[in-house]
Amino acid sequence: MGRPSWDRYFAKITEDVAARSTCIRHKFGAVITNDKHEIVATGYNGVVRGAPHCEDIGCIKDKQNIESGMGHGICPAVHAEQNALIQAGRNSFGCTLYVNAYPCKICARLMVNAGIKRVVISGEYADRDGLKILEDAGIEITYLDLEDEDED
């Protein structure tokens, strides 16, 4: 196998970032890069600082039978994209954000306002409404299948 494309390279790093997640339902990761192919920030989903981790106390959404993609206000987690955008601050303007799932509506809105110019998605999620927000804002969306070694 030859040298991976930049998209594949950063999408695979996103998978490693997601491994830090303490969520028992989904492990999401995000990586923000600038146009020089430098990592500006990373983020993974997990509860707010100082709160007990879901992997230790259980999932509140599971306990309340809330389906995936719903109940964002009930879940104590901060999303991977949100953590990466917080870390990047104004440095995210004009950058590419890699994420291993479709962004939710809330994260999509934050990406628009943060000035993200491109989103590379290498996975799926139940909530697809964020994709329309990104499209309407003119943000370029690229889908990458990490299972397909020939795609680049």
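**View 1. Thr 14 sits in helix α1.** The model shown here, as in every view below, is predicted. Thr 14 is buried, and its relative accessible area is 0%. Beyond its neighbours within four places in sequence, Thr 14 touches Gly 29, Ala 30 and Val 31. Tyr 98, Val 99 and Asn 100 are also in contact with Thr 14.

**View 2. Helix α1 covers residues 6-18.** The helix has 13 residues. From its first C-alpha to its last, α1 reaches 18 Å. That is close to the 18 Å expected at 1.5 Å a residue. Which residues of α1 are buried? They are Asp 7, Arg 8, Phe 10, Ala 11, Thr 14, Val 17 and Ala 18. These buried residues pack against strands β1 (29-33) and β2 (39-44). They also pack against β5 (96-99), β6 (118-121) and β7 (140-143).

**View 3. Helix α5 (residues 105-114) packs with helix α6 (residues 129-136).** The two axes are 7 Å apart, and the packing angle is about 20°. The helices are therefore roughly parallel to each other, as angles under 35 degrees count as such. Their crossing is right-handed. On the α5 side, the contact is made by Lys 105, Ala 108, Arg 109, Met 111 and Val 112. On the α6 side, Asp 129, Gly 130, Ile 133 and Leu 134 take part.

**View 4. Helix α4 (residues 80-88) crosses α5.** Their axes come within 9 Å, and the crossing angle is roughly 25°. That angle makes α4 roughly parallel to α5. Is this crossing left-handed or right-handed? α4 passes α5 in a left-handed crossing. By contrast, the crossing of α5 and α6 is right-handed. From α4, the residues that meet α5 are Glu 81, Gln 82 and Leu 85. From α5, the partners are Ile 106, Cys 107, Leu 110, Met 111 and Ala 114. Met 111 of α5 therefore appears both in this contact with α4 and in the contact with α6.

**View 5. Cys 104 and Cys 107 do not form a disulfide.** How far is the sulfur of Cys 104 from the closest cysteine sulfur? The distance is 3.7 Å, and the partner is Cys 107. A disulfide needs the two sulfur atoms within 2.5 Å, so this pair is too far for a bond. Seen from Cys 107, the closest cysteine sulfur is that of Cys 104, again at 3.7 Å. The count of disulfides comes to 0. Cys 104 is buried, at 3% relative accessibility. Cys 107 is buried too, with a relative accessible area of 0%. Cys 107 also belongs to the α5 residues that meet α4.

**View 6. His 37 has a positive phi.** The value is near 65°, in a residue other than glycine. Where is His 37 found? His 37 lies in the loop between β1 and β2. Its relative accessible area is 35%, so His 37 is partly exposed.

**View 7. Asn 65 also has a positive phi, although it is not a glycine.** Here phi is about 55°. The loop that holds Asn 65 runs between α3 (60-63) and β4 (77-78). Is Asn 65 buried or exposed? At 70% relative accessibility, Asn 65 counts as exposed.

How values were computed:
Residues numbered from 1 in each chain as written. Predicted model: local features only at pLDDT ≥ 70, side-chain atom pairs only at ≥ 80, totals over all residues. Heavy atoms only, no water. Buried < 20%, exposed > 50% of the residue type's maximum accessible area, 1.4 Å probe, protein only. Helix = DSSP H or I, 4+ residues; strand = E, 2+ residues; numbered from the N terminus. Expected span 1.5 Å × (residues − 1). Contact = heavy atoms within 4.5 Å. Axes fitted to C-alpha atoms, helices over the stretch in contact; angles between N-to-C directions. Parallel < 35°, antiparallel > 145°, perpendicular 65-115°, else oblique. Left-handed = near helix turned anticlockwise from the far one by under 90°.
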